[in-house]
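Please study the sequence and the model below before attempting the exercises. Each exercise is followed by a worked solution.

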Amino acid sequence: MSAGPLVGYSSSGSEDEAEDEAEDEAATKGRTRPVTGGCRGGQSPVPSQRFPVPDSVLNMFPSTEERPEDDSAKHGGRVRTFPHERGNWATHVYLPYEAREEFLELLDMLLPHAQTYVPQLVRMEAFHLSLSQSVVLRHHWILPFVQALKDRMASFHRFFFTANRVKIYTNQEKTRTFVGLEVTAGHAECLDLVSEVDRVLEEFNLTTFYPDPSFHISLAWCVGDARPQLEGQCLQELQEILDEFEDSEMLLRVFTEQVRCKSGNKFFSMPLK
């Protein structure tokens, strides 16, 4: 099977993307001004003295030139697609999927089987269907951006989509691989939503979504390009497990009631009609 279309995942998570933009300026490096008082009684001026500042005090005021450490080991080996800068908030628009107990039972069957081919696969912590790539917003543009999204979403009705085809994806840089469930019904409605989201992104000079997206819900991920191991026999076996799972047809038919936007650590909900 050929590789799935590239999907809108940043190579990094947004755990540390949501830093507060308002930061106190760093203090000066503890220098004391020399005493400049005049001479008294003909005495020669007392030479000014500079006393060393303890390291414990100096370390309280780091230089503003220092940048946050970008250690991929702290977030599962993921590599950033864009550099971390203070005041930049990673932003993503998506349809949420609330996992029920039956869905987690299905995942408990799919993931261990996939791990026999790629042991480093990790279950997703939350589930969603992307309507945008991960883009960067300055802090003061977040609320105007969300309001523009709400205005665009106001006329959309709730709808069903079905995601019941197992497919393998990579991000654009091929630094991460995903096992996902591709949408097989409701694709047109998802495209209509993306069209409106793209208009908002264009208003803010941000990158729009892919021209021919494969909408899906990601189940698990790993670092690197693992398509050679997961496509072919593994993919076929995963689809068979899904098809044989009791009530999978109803389980994977999703009623969409809202669009969400995540910017840093902030979440915004836009209900559909």
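The exercises that follow concern side chains in this predicted model.

**Exercise 1.** Determine whether Lys167 is buried or exposed, and identify the side chain with which its own side chain makes a polar contact.

*Solution.* First, locate the residue: Lys167 belongs to strand 5, which covers residues 159-170. Next, consider its relative accessibility, which is 12%. Buried means under 20%, and therefore Lys167 counts as buried. Finally, examine the side chain of Lys167: it makes a polar contact with the side chain of Glu182, at 3.4 Å.

**Exercise 2.** Classify the aromatic pair formed by Phe103 and Phe127, and state where in the chain the two residues lie.

*Solution.* Seven aromatic pairs occur in the structure. In the pair of Phe103 and Phe127, the ring centres are 5.1 Å apart and the planes enclose 75°. Planes over 60 degrees apart count as edge-to-face, so the pair of Phe103 and Phe127 is edge-to-face. This pair links distant parts of the chain: Phe103 is in helix 2 (residues 101-115) and Phe127 in strand 3 (residues 127-130), 24 residues apart. Both Phe103 and Phe127 are buried. Ring pairs also join Tyr97, Phe103 and Phe127 into a cluster.

**Exercise 3.** Identify the ring over which the charged end of Arg253 sits, and the residue whose face lies under Arg176.

*Solution.* Begin with Arg253: its charged end sits over the ring of Phe160, 3.9 Å from the ring's centre. Then turn to Arg176, which lies over the face of Trp221, at 4.4 Å from the ring centre.

Technical notes: Residues numbered from 1 in each chain as written. Predicted model: local features only at pLDDT ≥ 70, side-chain atom pairs only at ≥ 80, totals over all residues. Heavy atoms only, no water. Helix = DSSP H or I, 4+ residues; strand = E, 2+ residues; numbered from the N terminus. Buried < 20%, exposed > 50% of the residue type's maximum accessible area, 1.4 Å probe, protein only. Polar contact = N/O pair within 3.5 Å; in protein donor to acceptor, adjacent residues only side chain to side chain. Phe/Tyr/Trp six-rings, centres within 6.5 Å; stacked < 30°, edge-to-face > 60°. Lys NZ or Arg CZ within 6 Å of the ring centre and 35° of its normal.
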